[in-house]
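Student: I should like to go through the terms applied to this structure and to ask, for each, on what grounds it is used.

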Amino acid sequence: MSFSQFGDKFTQHSGISRLMEDMGEGLRTSGTIMLGGGNPAQIPAMNDYFNQLLMQMHQDGQLSEALCNYDGPRGKALLLDALAKMLREELGWPLTAQNIALTNGSQSAFFYLFNLFAGRRADGSKKRVLFPLAPEYLGYADAGLEEDLFVSAKPNIELLPEGQFKYHVDFDHLPLNDDVGLICVSRPTNPTGNVITDDELLQLDALAQQHGVPLLIDNAYGVPFPGIIFSEARPLWNPNTILCMSLSKLGLPGARCGIIVADESTITAIGNMNGIISLAPGSIGPAIANEMIVRGDLLRLSQEVIKPFYQAKVSETIAILRRYLPEDRCLIHKPEGAIFLWLWFRDLPISTETLYQRLKARGVLMVPGHFFFPGLEHEWPHTHQCMRMNYVPDAEKIERAVQILAEELEAAFKN
Ligand code: PLP
């Protein structure tokens, strides 16, 4: 079969497709310990809540109402109104429903937004997306219609007590040139669990406004929902920012519901793109989210159930890691949010790609670090010294995986 250029680009073997294949294979192979993917936890209290909510929505006819009708191209109007009101009241942002559009998962929102603001312009110029701090989310890497759509910057590294470290934006070397059409940052960050500070965010906001480009903040894990954030961080929105949110990390990745909050002209553009590409976003996730807002449960459960669950889990996992891996073998990025730990093996004599293969052969899946530097133009050894692990599985599984990791590291250092 011969494909178009578009076909060739989107059927190539991307980092994300290899990861998804490994995850699928791992799921089918019994005994594999999956610390690789981005699946959120099955939190019993949330699962019970969703089961009951769905039963009640079924009885009230809300589910069949959602299933049997198309929404408009910006998504379920009831939810757009409810979200605007909630964000106005909670955060004081001057929003109306005209500032919000829904997509089938936030992943598709990035595809829309990257290609809306970057790529070839009518005047022949080409704009790119700047990730001001790499490592960044692997899922961005292949979402450009054009090649070389991304540019990113190495971070400054702050060493912290207890074998931890934290990345910071290196404002002195930010490649914010005329060819940048959009700045994008995940906060909290997948893969590192970093939360860029309020000061860093405000500086990025100021730079974006000075350069006349939007600042996209990917808030898939952040506040006010799902609330998987353990440091103090003030959320930011103004008409030059584009805030992306998602229902996935609340525990509803199958609902495929992404939320974009932006100025009205961007939202109108997204509505038009939705209309062309999918007629309308799916309705079930938005119906559930709307009902959660109406009942006052969305923010309450984020604060009272989801955040404490992940906070306890991350502490437990760090304690396990430290039982097997001393600080001189493994540094851990300060866990400030999201559902991953980012491990740095500073003097590792093999690449983390090789380590990944060795772990996979022993039934442990983690993701080697080099996938998480989309747009980094210069070779940097650090990219081959890090690994991402999901800390959501049961403690026994994590312990078994960490034992195997420690053995493989020992073997690598010995040889
Ligand atoms: N942004 C980040 C940082 C993520 O980690 C993910 C998924 O893991 C997404 C966005 C996409 O989520 P979804 O398309 O399920 O909304």
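Tutor: The discussion below takes salt bridges, burial, the two domains and the backbone in turn.

Tutor: This is a predicted model, in which local features need pLDDT of at least 70 and side-chain atom pairs count only at pLDDT 80 or more, while totals for chains, interfaces and linings use all residues. Residues are numbered from 1 along each chain as its sequence is written, and side-chain values use heavy atoms, with hydrogens and water left out.

Student: Why is the pair R128 and D179 called a salt bridge?

Tutor: The term requires a side-chain nitrogen of Lys or Arg within 4 Å of a carboxyl oxygen of Asp or Glu. For R128 and D179 the N to O distance is 3.3 Å, so the pair meets the definition. The structure holds 18 salt bridges.

Student: What makes R128 and D179 a link between distant parts of the chain?

Tutor: The two residues are 51 residues apart: R128 belongs to strand β4 (residues 126-131), and D179 to the loop between β7 (164-168) and β8 (180-186). Such helices (H or I, at least four residues) and strands (E, at least two) are DSSP runs, numbered from the N terminus.

Student: How do you know whether R128 and D179 are buried or exposed?

Tutor: Buried means under 20% relative accessible area, exposed over 50%, and partly exposed in between (1.4 Å probe, protein chains only). R128 has 16% and therefore counts as buried. D179 has 26%, so this residue is partly exposed.

Student: What makes E408 and R362 a salt bridge, and where do the two residues lie?

Tutor: Their side chains meet at 3.0 Å, N to O. E408 is in helix α12 (residues 395-414) and R362 in the loop between α11 (352-361) and β14 (364-365), 46 residues apart. E408, at 12% relative accessibility, is buried, whereas R362, at 34%, is partly exposed.

Student: On what value does the salt bridge of R295 and E291 rest?

Tutor: The closest N and O atoms of R295 and E291 are 2.8 Å apart. E291 is buried at 10%, and R295 is partly exposed at 32%. Salt bridges also link R120, K126 and E146 in a network.

Student: How do you know where domain 1 and domain 2 lie?

Tutor: The bounds come from an automatic or database domain assignment. Domain 1 is given as 5-46 + 300-414 and domain 2 as 71-298. Their centres, taken over C-alpha atoms, are separated by 23 Å. Contact, meaning heavy atoms within 4.5 Å, takes in 50 residues from domain 1 and 56 residues from domain 2.

Student: What makes the figure of about 4,400 Å² a buried area?

Tutor: Buried area is the accessible area (1.4 Å probe) that two parts lose on being put together, summed over both. Domain 1 and domain 2 bury about 4,400 Å² between them, with 61% of it on carbon and sulfur atoms. In domain 1, H333, E336 and P374 lose the most area to domain 2, together 16% of what that side buries.

Student: How many salt bridges cross the interface of domain 1 and domain 2?

Tutor: The rule finds 3 salt bridges across that interface.

Student: Why is N390 called buried, and where does it lie?

Tutor: N390 lies in strand β16, and its relative accessible area is 4%, so the residue is buried. Leaving aside neighbours within four places in sequence, N390 is in contact with residues including L35, N39, F340 and I398. The side chain of N390 also reaches the backbone oxygen of N39 at 3.4 Å.

Student: Which peptide bonds are cis, and what are their omega values?

Tutor: One joins R187 and P188, with omega about -10°; P188 is in the loop between β8 and α7 (198-211). Another joins V223 and P224, with omega about 5°; P224 is in the loop between β9 (215-218) and β10 (241-246).

Student: What is noted about the phi of E162 and of L279?

Tutor: Phi of E162 is near 60°, a positive value in a residue other than glycine, and the same description holds for L279, with phi near 60°. E162 lies in the loop between β6 (156-160) and β7; its relative accessible area is 62%, so E162 is exposed. L279 lies in the loop between α8 (264-278) and α9 (284-294), and at 53% L279 is likewise exposed.

Notes
Polar contact = N/O pair within 3.5 Å; in protein donor to acceptor, adjacent residues only side chain to side chain.
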